[in-house]
Amino acid sequence: MHTLTRLCTTTALAAALMATSPAWADVTAEQVWTDWQEMIESSGAKVTYDSAADDGILTINDLVVTVDDTPKTDIRLGAVVLQETGDGSDQVLLPASGPIVIQSGNDKATLEQRNTGFSLIVSGTAGDMIYRYAAKEFSLSLIEYLKDNTPSDGQQARVTLNNLTGALHARMTGLRQLEQNFALGKLSYALDLNNPEKEETFTSEGSITNLQSDVNVSIPENIETLTMTEAVENGLNLKGSLRYNDIAARFAYAENSDTVIGSGETGSGSLQISFTKGNDGIVDASESISFGPVRLRLDGEAKSNDTFTIRFALDQLGARLDLGIPENFETFNAGYGNTSLLALMDAGFRAGINLNYDGLNGAVSFRKKGETGSMSAVSEMLDFGFSMSREMLRVSSASKGTEFNLESVDLPIGAIRLAVAQTLQDIRLPLNTTPDPRPFIYHEEIRDLAISDNLWAMFDRDAQIPRTAITYVLNVSGLGNWLIDPFAPEFDTPGNTKGQLHRLTLHELLLSGAGVELAGAGDFTFNNDDLDSYDGMPAPKGNLGLKLTGGNHLLDTLVKTGLLREGTAASLRLALGLFTVKGEGDDTIVSHIEADGKGELLANGKRLK
């Protein structure tokens, strides 16, 4: 694994050598080589080489990059030639093919690089260079792998880049400023790996088409010695984007006659990332990703003849992360490595997350010891969001057309099915202390939740209760204010009066299902100067209207099924009678609750308090 990790490092360093910055003035081969060495050594690596210069031509032989890690890794890159062209620029020449050797401890990998139509031109001046590069094809292939100095036969790996073009502008202005853009027609790979000791093999091949990137980075000198405040104040900045047309991959894995075969692909996608200095001592950081459609297929079979299949699809997937981070983030420490959340929020920290998808369709089926089972999930869409700042906490979600099915011999009640037409949630809560009331919202919905008959039959075998879909809606808003900061340690102290409620509006209450429907709406204001009339609760003023349909019939049915005793049903009817009157229509009762704000409470005109 260490050698494979070093392979990734080698690829990055090779890319750096190929793509490190109109020509304003002459730049010499020596200046280009000095710039490369500074760039490599700034990452902590060391460079050794033999060089020869002759009439504007600088030849670098036996180039070795050493990473002093555990274990130490040597990356032997061979020879590079830098030739001055006479027009103020330099041409970098690589052999059409040649070895690259990575040695880490007792592990050694020998790669072969091949290139066709390769071109790298460097122009500009010392400390301000432009690198323009292109290649019709560039590839790296594994030709030998030694594990503990012993050849590991049959290992094959290859990465190929086709139709590569790009440019990188590198400047030193107190900052190392890098501006790069590249376009790649196609990146393809192929792997064939095996472990004879475990009878284990893995093969895979895949590709990415039309990969494009734009990156703008500014890095202060000696950044490793700077605090985040110092780095940002000295110009640390990052903006970048990555786009592609499609990704496709296939793989097969086998171990001791157990096999897994899979494939996946996704349509066009993009990635955006940003890290910049904002206002009022805040660093603005964001990342967003979007791609689709996505398709994944897996098939597995064990030597015991157990099998499984997985099918997964998404039409579109998107995600976004937004952060506001105080520049002096390192100073917010409450001891023992714990960050003081109160101080952090007061300094302007904020966080926001959004995740959304369209057209989810997934299914799993399996056979185990001759028995079969399956599970599937379908969802038309989902949108989830979370954000928190010093001002407000918000949690929101919405979904449509969701269905879940589960079938297995291990389920004694048989197959399970759940389906919901729509869900919604919107919670908004102020998070700071203010003398004036602030608005809040609590809104959630579950509409048309349907469950399979066998779940109903667990408590209603003869289907006496109407098996209609269930809907639940609670939509409340109001005004209130905190007396104690929600982030302060004393907020959790028992007995503290944490806040005040000034207004509460019930826009909609709806609970329906099993032949019953309860609906209501109301509006109240609260007098926080009167905490005596309702035993410590601020005195309310307003009204609430409720309507219940089908309640009596449901009580009768519950008694018939044995789920409710007759005496309990009678007590419930008596209690309802104290607060309700007969409404319009069969089996309908209503209730109108009024509070006068002075301690008097009425139900349908009758005084309760």
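## Exercises on a predicted model: salt bridges and strand 31

Lys147 is partly exposed in this predicted model, its relative accessible area being 39%.

**Exercise 1.** Determine which residue forms a salt bridge with Lys147, and work out what the pair ties together.

Solution. Begin with the contact itself: Lys147 meets Asp107 in a salt bridge whose closest N and O atoms are 3.5 Å apart, which satisfies the cut-off of within 4 Å. Next, place both residues: Lys147 belongs to strand 8 (residues 128-147) and Asp107 to strand 6 (residues 107-116), so the bridge ties together parts that are 40 residues apart in sequence. Finally, consider accessibility: Asp107 has a relative accessible area of 8%, and because buried means under 20%, Asp107 counts as buried.

**Exercise 2.** Find the strands with which strand 31 pairs, and state the sense of each pairing.

Solution. Take strand 29 (residues 539-549) to start with: nine bridges link it to strand 31 (residues 588-596) in the antiparallel sense, and here Gly542 has Ala595 as its bridge partner. Continue with strand 30 (residues 581-582), which runs antiparallel to strand 31 and is joined to it by two bridges, with Val581 opposite Val590; in the hairpin of these two strands, five residues lie between them, and Gly585 takes a positive phi near 95°. Then turn to strand 32 (residues 601-603), which is also antiparallel to strand 31 and is joined to it by three bridges, Glu594 standing opposite Leu602. The hairpin of strand 31 and strand 32 has four residues between the strands, and Gly597 in its turn shows a positive phi of about 80°.

Conventions: Residues numbered from 1 in each chain as written. Predicted model: local features only at pLDDT ≥ 70, side-chain atom pairs only at ≥ 80, totals over all residues. Heavy atoms only, no water. Pairing = 2+ DSSP bridges. Salt bridge = Lys/Arg side-chain N within 4 Å of Asp/Glu carboxyl O. Buried < 20%, exposed > 50% of the residue type's maximum accessible area, 1.4 Å probe, protein only.
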